[in-house]
Amino acid sequence: MKPVEKPANPNFSSGPCSKRPGYDVSRLDLETLGRSHRSALGKRVLAGVCDQTAEVLGLPEAYRVGVVPASDTGAVEMALWSLLGQRPVDVFAWESFGKGWLVDITQQLQLDEVNAYTADYGQLPDLSQANPAHDIVFTWNGTTSGVKVPDGDWIADDREGLTICDATSAVFAMELPWEKLDVVTYSWQKVLGGEGAHGMLILSPRAVERLETYAPPRPLPKIFRLTKNGKLIEGVFHGATINTPSMLCVADYLDALAWIREIGGVPAAIARSTESLRIISDFVARHEWIGFLAANEAERSSTSVCLSVDLPGDRVKAMVALLDAEGVAHDIGAYRDAPSGLRIWCGATVEPADVARLMPWLKWAYESVKTE
Ligand SMILES: Cc1ncc(COP(=O)(O)O)c(C=O)c1O
């Protein structure tokens, strides 16, 4: 039977992700628009982005937060190009984006001493292989496979190398062991439902020390440069961005941060995401035709929930199209490089009640396309 009730908000895309509940673009604080980002006002607002991010995330005291160009990719590339080469690198990759960083490290940076630990979609590589004397590059949450790192226990407290973590689909929705992470990157359009534009680069004091003591043997374009004459360009971490940011996107980000505060901070955001995952897990447990791509429960992402459906690929696509046409769920097909299936975004901005409303529709769509 065709369900009656639809999700109030059918946006389940994994990026750009759903706007927060109650979002109203006309309520953004737009006093910076049309002004220089280097005016006192512009700088104050941009510095606020750095400070408020640190506060909401509860970052350790000496960690720095900067707004950088080119979204999460920009932030990751900046870190890889600026920091790597001093020591061997262990790269852990288990889906499209992590594998992309591995390609950069081996084929573009062409570093000699690279250990690649990879796994197929649905699995994690053996994290215990991480060598504390090496730099470590990994994604916290594999957005395209729905497999996340369960914790940071495998990272040594007394490591000599740096940990560089692409956490774009984890920050604000998963607990992160900040003291174990030297570089963390994310973008605004994921868990916060902000606008795609800029990357966020979080640096530990050890990452800053590397920047100030190691000059990589390669040219760096201006938008990657974080040091001048061997010193960190501190301004980047106090609102003096490298180049011109979108102040409209900045206003939108600050609105999203305010919402996180309003609902009770990061723990409340995590609770929303885990509740959505719980709802999907209950549904999956009751239907044998659908399952998690992530093999191990502890590694299941609560944000990019990736599901396999017991149907040929074209039937799964038909299911996705049907749900889209019904206005029930937009953009829930698996990522283009990932195995056939569904990917339902359950970051903080998605209402768990909408995830619950979606479940009977999955069943209906499955039954509909199966017999077509
Ligand atoms: C894990 C991961 N890394 C990097 C990216 C690229 O992010 P951006 O488009 O913000 O550069 C994505 C996008 O989905 C992602 O999921």
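**Exercise 1. Find which residues surround the ligand, and work out how it is held.**

Step 1. Start with the neighbours: the ligand is surrounded by Ser71, Asp72, Thr73, Phe97, Trp101, Asn141, Thr143, Asp166, Thr168, Ser187, Gln189 and Lys190. A residue counts as near a molecule if one of its heavy atoms lies within 4 Å of it.

Before going on, a word about the model: it is predicted, so local features need pLDDT of at least 70 and side-chain atom pairs count only at pLDDT 80 or more, while totals for chains, interfaces and linings use all residues. Residues are numbered from 1 along each chain as its sequence is written, and side-chain values use heavy atoms, with hydrogens and water left out.

Step 2. Now look for polar contacts (pairs of N or O atoms within 3.5 Å; within protein, one must be able to donate a hydrogen and the other to accept it, and residues adjacent in sequence count only if both atoms are side-chain atoms). Thr73 places a polar side-chain atom 2.5 Å from an oxygen atom of the ligand. For Gln189, a polar side-chain atom is 3.0 Å from a ligand oxygen atom. With Asp166, an N or O atom of the side chain lies 2.6 Å from a nitrogen atom of the ligand.

Step 3. Finish with the cover: on its own the ligand has 400 Å² of accessible area, and the protein covers 86% of this. Such areas come from the Shrake-Rupley method with a 1.4 Å probe; for residues, only the protein chains shown count as cover.

**Exercise 2. Locate the salt bridge of Arg87 and say which parts it ties together.**

Step 1. Recall the idea: side chains of opposite charge can pair when their charged atoms come close. The rule for a salt bridge is a side-chain nitrogen of Lys or Arg within 4 Å of a carboxyl oxygen of Asp or Glu. By this rule there are 19 salt bridges.

Step 2. Arg87 pairs with Glu160, at 3.9 Å from N to O.

Step 3. Place both partners. Arg87 lies in the loop between helix 2 (71-83) and strand 2 (89-93), and Glu160 in the loop between strand 6 (147-148) and strand 7 (163-166), so the pair ties together parts that are 73 residues apart in sequence. Helices (H or I, at least four residues) and strands (E, at least two) are DSSP runs, numbered from the N terminus.

Step 4. Check the exposure, where buried means under 20% relative accessible area, exposed over 50%, and partly exposed in between (1.4 Å probe, protein chains only). Arg87 is partly exposed at 21%, whereas Glu160 is exposed at 53%.

**Exercise 3. Describe two salt bridges that lie within helices.**

Step 1. Take Asp282 and Arg278, whose closest N and O atoms are 2.8 Å apart. They sit four residues apart in helix 6 (residues 266-286), and are therefore separated by about one helical turn. Asp282 is partly exposed at 36%, and so is Arg278 at 41%.

Step 2. Move to Lys370 and Glu367, which meet at 3.6 Å, N to O. Both lie in helix 8 (residues 352-370), three residues apart, about one turn of the helix. Lys370 is partly exposed at 40%, as is Glu367 at 35%.

**Exercise 4. Name the residues that form a network of salt bridges.**

Solution. Glu5, Asp354 and Arg357 are linked in this way.
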